[in-house]
Amino acid sequence: MEAVPRMPMIWLDLKEAGEFAFNAAVKKSAVSVPRDFEGCSTLRKYLGQLHFLQSRIPMGAGQDAAVPVTWTEIFSGKAVTHEDIKYEQACVLYNLGALHSMLGAMDKRVSEEVSCTHFQCAAGAFTYLRDHFPHSYSVDMSHQILSLNINLMLGQAQECLLEKSMLDNRKSFLVARISAQVVDYYKEACRALENSETASLLGKIQKDWKKLVQMKIYYFAAVAHLHMGKQAEEQQKFGERVIYFQSALDKLNEAIKLAKGQPETVQEALRFTMDVIGGKYNSAKKDNDFIYHEAVPALDTLQSVKGAPLVKALPVNPTDPAVTGPDIFAKLVPMAAHEASSLYSEEKAKLLRDVMAKIEAKNEVLDQFMDSMQLDPETVDNLDMYNHIPPVLMEKCAALSVRPDTVRNLVQSMQVLSGVFTDVEASLKEIRDLLEEDEAQERKLQELLGRVPPAPGSPPGLAEVSKECSKYLELHEKASFTNTELHRAMNLHLGNLRLLGGPLEQVRATLPTPTLSEDDKQVLQNLKRILAKVQEMRDQRMSLEQQLREMIQKDDITTSLVTTDRSEMKKLFEEQLRKYDQLKVYLEQNLAAQENVLKALTDANVKYAAVRKGLAEVEHKWNTTVQTLVASYEAYEDLMKKSQEGKDFYTDLEGKAAKLLERARAACQASQAQRQQLLER
């Protein structure tokens with residue numbers, strides 16, 4: 001896979017600047033940056049100087065020195081104006097992210113680290129924009145769009161890392177986890193693209209992005225399972241190898257369906273990958289069918305591949321002097337207010353750190369507990385799956401319904417093979433009997449003649465016949481084993497093929513189904529209710545955390561600090577921080593409730609254990625039955641092919657044996673005639 005052609009990447013257009021009453025030379029250099037790394041550096045410097053400016057002069061929304069700032073909205077092309085210097089900062093940040101995305105996508109990825117860094121920088125710019133600026137400035141800077149951009153950039157950064165991992169021949173399990181994380185990022189992006197509100201914001205570009213991302217989800221899922229199959233191969237788990245390669249093939253076929261209309265580079269990558277995965281699957285299945293004979297487990301019985309996030313949004317620091325250069329507005333305002341604001345920001349940061357430490361500690365306990373329970377609310381009971389024949393089995397039944405002679409053709413083919421096999425065996429036996437009889441007659445003659453000089457040598461044809469007979473017997477013996485295995489395989493699959501070709505009711509009746517008592521159903525219902533409580537607790541906790549973060553982000557007391565005496569600063573901080581008390585109480589209540597919820601879940605899980613075991617056993621039997629039936633269908637063509645090869649082999653051997661039999665008869669007659677002449681002397 002290290003030579004697979006690379007997939008195209010998504011990049012974003014830069015916003016165009018309009019009116020802003022600022023120094024023309026500075027403005028021009030910041031809005032007409034070159035499309036290269038130097039352009040990124042210029043944008044970062046301009047962003048930092050804007051930050052220094054707005055911290056000293058009241059140019060924010062509704063402030064005395066505010067001036068109109070105009071930029072073009074990306075998706076509609078409309079000019080959007082706000083009297084707020086933060087709007088200028090937000091648009092510059094957006095362009096910084098867009099330029100990094102463009103450079104990452106346009107890079108030929110000769111060095112994957114360069115593209116990976118560009119995409120991580122893009123994610124960092126969009127993250128800072130989402131977390132530190134209002135979302136109401138314009139559509140292209142809404143929370144939904146920025147979150148979409150972040151996941152796209154992180155997904156593409158992880159994709160670059162995956163390419164390097166395959167080039168470096170990293171361990172199969174690690175490559176599988178890296179690829180699985182690419183899938184996770186793109187799934188998050190796809191959920192945003194499928195959201196009706198986001199789709200309406202994006203306009204016509206939404207369809208193109210969605211098609212590419214959906215295709216990539218299946219493609220990189222296929223890559224993940226390909227490498228899980230390679231790991232199974234390394235561990236000599238040949239049954240697991242087959243199901244992983246089968247899954248990779250299925251997912252790749254889905255990607256190919258979704259790739260219609262994509263550029264040739266995508267098609268080339270898909271064809272290359274199909275050659276790799278198809279070859280791996282066919283080889284693995286053949287080896288397992290005829291050599292290893294390991295049971296092929298159901299995919300959902302194997303441990304899922306957890307993604308390994310090895311990329312992150314690289315943070316933006318607008319006040320880093322190494323990036324911004326000297327503060328050109330340092331003398332405009334007294335630093336006292338700025339220093340006080342920084343102190344208050346640190347108080348807010350301390351409050352957030354304290355709260356987050358408690359949340360993360362509880363979350364860690366909750367995550368470990370849920371992992372140990374291995375309870376998925378969506379699959380606690382999977383009773384619905386037993387109400388219908390699975391699509392993969394329906395597909396096989398439908399295929400056999402239009403080929404009603406499948407079983408008969410197979411049986412007839414094997415009967416013909418058996419007939420030719422028997423004829424060859426009979427011919428070789430007769431030749432062997434003739435040779436043995438001739439040897440017996442020769443010994444009698446020697447005993448009769450006693451010390452009479454030995455008879456002339458046997459006819460030369462007899463030795464050649466004996467040699468050829470031995471060769472044919474050896475071929476027949478080797479082929480006999482293969483023929484026996486072929487008949488065994490046919491008998492193994494014949495009943496299943498008859499079942500698949502029969503009424504669907506019989507197929508459905510063959511699949512196991514669970515039987516639950518009323519008590520069992522009550523246990524299940526109670527467990528699902530408590531799991532819903534766990535999710536409700538999680539959701540509320542996330543909501544409260546988000547409210548706290550947004551409240552802290554919007555909490556700007558600069559105006560108050562300017563009019564407050566230094567001696568009153570501590571008192572002002574305390575008063576201002578009280579606004580967070582109510583949220584902190586709600587969070588404490590949520591965290592305190594966790595212990596009782598988990599105790600109730602533990603009790604419910606104990607009662608669920610017996611039900612779970614029964615459901616798991618039935619599901620395993622169900623999956624095994626489905627896999628066995630599918631395997632029988634897929635074995636049909638191979639059996640027919642090998643049957644034909646066997647017929648061809650034995651038909652050829654039959655002709656050779658028949659000719660050899662004629663030669664044996666003639667040679668034996670000649671030998672007998674020689675012996676008769678000696679007796680008549």
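## A walk through a helical chain

Of the contacts in the protein chain with a separation of 6 or more, 83% are between residues 24 or more positions apart. Keep that figure in mind as we go, and keep in mind too that this is a predicted model. The protein chain has 20 helices and three strands. It holds 681 residues, and buried residues make up 43% of them. The accessible surface of the protein chain comes to about 36,000 Å², and carbon and sulfur atoms account for 53% of that surface.

Let us start at helix H7, which covers residues 196–202 and includes Ala199. Ala199 has a relative accessibility of 21%, so it counts as partly exposed. The cut-off for buried is under 20%. Leaving aside residues up to four places away in sequence, Ala199 touches Leu193 and Gln206. Its C-alpha atom is also 9.5 Å from that of Lys210, eleven residues apart in sequence.

Next comes H8, a helix of residues 205–234, and two of its partners are worth a visit. Take H9 (238–258) to begin with. The axes of H8 and H9 are 8 Å apart, and the two helices pack at an angle of about 165°. An angle over 145 degrees counts as roughly antiparallel, and therefore H8 is roughly antiparallel to H9. As for handedness, H8 passes H9 in a left-handed crossing. Sorted by class, the residues in the contact of H8 with H9 are 14 nonpolar, four polar and seven charged.

Now turn to the other partner, H10, which spans residues 264–292. Here the axes of H8 and H10 come within 11 Å and cross at roughly 25°. Angles under 35 degrees count as roughly parallel, so H8 is roughly parallel to H10. H8 passes H10, too, in a left-handed crossing. If you would like to find this contact on screen, select Met215, Tyr219, Ala222, Leu226 and Glu233 on the H8 side. On the H10 side they meet Val266, Ala269, Leu270, Thr273, Val276, Ile277 and Lys280. The residues of this contact of H8 with H10 divide into nine nonpolar, one polar and two charged.

Between H9 and H10 there is a loop, and Gly261 lies in it. Is Gly261 buried or exposed? With a relative accessible area of 76%, Gly261 is exposed, since the cut-off for exposed is over 50%. The C-alpha atom of Gly261 is separated by 9.7 Å from that of Asp208, although the two residues are 53 residues apart along the chain.

Two other loops deserve a look for their backbone. Most residues other than glycine have a negative phi. Against that background, Asn169 has a phi near 55°, a positive value in a residue other than glycine. Asn169 lies in the loop between helix H5 (143–167) and helix H6 (172–194). Asn169 is exposed, with a relative accessible area of 57%. His293 also has a positive phi, near 55°, and it lies in the loop between H10 and H11. With a relative accessible area of 44%, His293 is partly exposed.

Beyond that loop we reach helix H11, residues 321–324, where Thr324 lies. Thr324 has a relative accessible area of 5%, so it is buried. What does Thr324 touch, not counting residues up to four places away in sequence? Its contacts are Arg44, Lys45, Gly48, Gln49, Phe52, Pro318 and Thr319.

Our last stop is helix H20, residues 581–680, where Ala631 is found. At 27% relative accessibility, Ala631 counts as partly exposed. The C-alpha atoms of Ala631 and Val296 are separated by 9.5 Å, while along the chain the two residues are 335 residues apart. That pair is a good place to return to the opening figure: residues 24 or more positions apart account for 83% of the contacts with a separation of 6 or more.

Notes:
Residues numbered from 1 in each chain as written. Predicted model: local features only at pLDDT ≥ 70, side-chain atom pairs only at ≥ 80, totals over all residues. Heavy atoms only, no water. Axes fitted to C-alpha atoms, helices over the stretch in contact; angles between N-to-C directions. Helix = DSSP H or I, 4+ residues; strand = E, 2+ residues; numbered from the N terminus. Parallel < 35°, antiparallel > 145°, perpendicular 65-115°, else oblique. Left-handed = near helix turned anticlockwise from the far one by under 90°. Contact = heavy atoms within 4.5 Å. Nonpolar A, V, L, I, M, F, W, Y, C, P; charged D, E, K, R; others polar. Buried < 20%, exposed > 50% of the residue type's maximum accessible area, 1.4 Å probe, protein only. Areas by Shrake-Rupley, 256 points an atom, 1.4 Å probe, with all protein chains shown as cover.
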